[in-house]
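The following exercises are to be worked through with the sequence and the coordinates at hand. Each task is followed by a solution in steps.

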Amino acid sequence: MRIGILTYHNALNVGAVLQAYALQTVLTKMGYNCDIIDYRSAYLEEIYKNKKFSQIKSIKDFIKWIFNARREKSKRLKFEEFNNQYQNLSEMVYTKNNIKDSNERYDTFIVGSDQVWNMNLNGNDTTYLLDFVNENKRKVSYAASFGYKEVPQKYRKITQKGILRLNSISVRETAGKIIVEELTNRHSEVVLDPTLLLDKEDWDSMDYKRLHHRDYILVYIIAATPSILEFAKELGKKHNCDVVCIHNSQLPKLGVKNVRDCSPLEFLSYIKHAKYVVSSSFHGICFSIIFKKEFFFELDEKPNNNNSRIETLIGILDLWKRQIIKGKCFDREQIDYEKVFEKLNFEKKKSYAFLINALKEKI
């Protein structure tokens, strides 16, 4: 059996790239021959493309270009280097025009994990619903995510049609399970993000070194939550630690070491060697757990948030006491990782069982 994985492998996003690597590694360990399909979504390629000087339309755009062009180029090169070294990409590069040709190479297609069914995010690219896959091919979703609490009306029919064609369905969060059942009346499994299926030793086998040699608090910001940075700074003062902040904001944060061109390997290093991690990121939490770090998290308070995947994982592992609420977290006791990993290992078994059954199931 030859498996093709379809996901956001080419995004300039640490979590997206690491989850793609993880799923590929898991399937390879299970004995399967698999590639990450090097699919280039026109919409996503345009979003991540470096803006050229000729495209600048305003003084505001010019100022942004001056401050960020070098950083964006550095980040892109780091991600390309990681992809070339660690991702087993398909020999052919696919677009919407030729993606159907991949049926000649693969017996089974797996879409996931990430927000592959968020049509707002991918510009309504139904490729991620596996609409190009022949009927006689196995079609599976692993830890797929919608990224919204309900499917917008304009995407409902096309999303429903795509999910109904799948042979086996799994999602990354409880909200996704509810959407699948309401939309299609089909059962889906809630499984772990692929990054959590690998052990610390698997991630340690990658080539990364310590980057900051004093004790530090790592802040990893995706959603701009209200008090996360001030909480980290207070934690740093209390423990005499520097504060290292990974983020994508146009402007630097004050009073911290700013890291705005972080590569996947640098991210792993910063997590592994941190004294504490403070994050609003799902994958910031995932890797804190993998490396058994003392961590705190803050949820996004905006109405259209993407908290569901964090809430699902935190609920499963009973880690709600690590939440920052109104700038405070009153539980500063060490995390009992023995209990956490009892629950995590149970979820791992369920997730592996889903993959085993989905890949053996008759079409």
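A residue counts as buried when its relative accessible area is under 20%. Leucine 130 is therefore buried, because its relative accessible area is 0%. The model to which this value belongs is a predicted one.

**Exercise 1. The sheet**

Determine the strand order of the open sheet and state which strands stand at its edges.

Solution.
- Step 1. The sheet is open and has 7 strands, with parallel pairing. Their order is β3-β2-β1-β4-β5-β6-β7.
- Step 2. β3 (89-94) and β7 (189-190) each have a single partner strand, so one side of each lacks a neighbour in the sheet. These two strands therefore stand at the edges.
- Step 3. Within the sheet, β1 (residues 2-6) and β4 run parallel and are joined by 4 bridges. Glycine 4 has phenylalanine 109 as its bridge partner in β4.
- Step 4. β4 is joined to β5 (residues 138-144) by 5 bridges, again in parallel. Here threonine 108 stands opposite arginine 138 of β5.
- Step 5. Between β5 and β6 there are 3 bridges, and the two strands run parallel. Alanine 144 stands opposite valine 171 in β6.
- Step 6. Helix α1 (residues 14-29) lies across β1, β2 (33-39), β4 and β5, and runs at about 155° to β2.

**Exercise 2. The two faces of a strand**

Establish for β4 and for β6 whether each face is covered or open.

Solution.
- Step 1. In β4 (residues 108-112), 5 of 5 residues are buried.
- Step 2. Sorted by side, Thr108, Ile110 and Gly112 of β4 lie on one face, and Phe109 and Val111 lie on the other. Both faces of β4 are thus covered.
- Step 3. In β6, Ser168 and Ser170 are buried on one side, and Ile169 and Val171 are buried on the other. Both faces of β6 are covered as well.

**Exercise 3. The surroundings of serine 141**

Which residues does serine 141 touch, leaving aside those up to four places away in sequence?

Solution.
- Step 1. Serine 141 lies in strand β5. It is buried, because its relative accessible area is 0%.
- Step 2. Its bridge partner in β6 is isoleucine 169.
- Step 3. The residues touched by serine 141 are Val111, Trp117, Leu166, Ser168, Ile169, Ser170 and Phe354.
- Step 4. Asparagine 357 is 216 residues from serine 141 in sequence, while their C-alpha atoms are 13 Å apart in space.

**Exercise 4. A helix with a buried side**

Why are the buried residues of helix α6 placed on the same side of the helix?

Solution.
- Step 1. The buried residues of α6 (residues 174-184) are Gly176, Ile179, Val180, Leu183 and Thr184.
- Step 2. Around the axis these residues cover an arc of only 100°, and therefore they are on the same side of α6.
- Step 3. An α-helix has 3.6 residues a turn, so residues three or four places apart point the same way.
- Step 4. The elements that cover the buried residues include α5 (153-164) and β6 (168-171).

**Exercise 5. Crossing helices**

Classify the crossing of α10 and α12 by its angle, and describe the contact.

Solution.
- Step 1. The axes of α10 (residues 282-290) and α12 (residues 337-360) come within 11 Å and cross at roughly 115°.
- Step 2. Angles of 65 to 115 degrees count as roughly perpendicular. α10 is therefore roughly perpendicular to α12.
- Step 3. From α10, Ser288, Ile289 and Ile290 take part in the contact; from α12, Tyr337, Val340, Phe341 and Leu344 do so.
- Step 4. By class, these residues comprise 6 nonpolar, 1 polar and no charged.

**Exercise 6. Backbone exceptions**

Locate backbone positions that depart from the general rule that most residues other than glycine have a negative phi and most peptide bonds are trans.

Solution.
- Step 1. The peptide bond from glycine 112 to serine 113 is cis, with omega near -15°. Serine 113 is in the loop between β4 and α4 (119-122).
- Step 2. Leucine 130, which is not a glycine, has a positive phi of about 60°. It is placed in the loop between α4 and β5.
- Step 3. Alanine 143 has a positive phi near 55°. This residue lies in strand β5, and it is buried, with a relative accessible area of 0%.
- Step 4. Asparagine 185, just after α6, takes a positive phi of about 60°.

How values were computed: Residues are numbered from 1 along each chain as its sequence is written. This is a predicted model: local features need pLDDT of at least 70, side-chain atom pairs count only at pLDDT 80 or more; totals for chains, interfaces and linings use all residues. Side-chain values use heavy atoms; hydrogens and water are left out. Axes are lines fitted to C-alpha atoms, for helices over the stretch in contact, and angles run from 0 to 180 degrees between N-to-C directions. Angles under 35 degrees count as roughly parallel, over 145 as roughly antiparallel, 65 to 115 as roughly perpendicular and the rest as oblique. Contact means heavy atoms within 4.5 Å. Ala, Val, Leu, Ile, Met, Phe, Trp, Tyr, Cys and Pro count as nonpolar, Asp, Glu, Lys and Arg as charged, and the others, Gly among them, as polar. Buried means under 20% relative accessible area, exposed over 50%, partly exposed in between (1.4 Å probe, protein chains only). Two strands pair if DSSP finds at least two bridges between them. The arc is that of the directions from the helix axis to the C-beta atoms.
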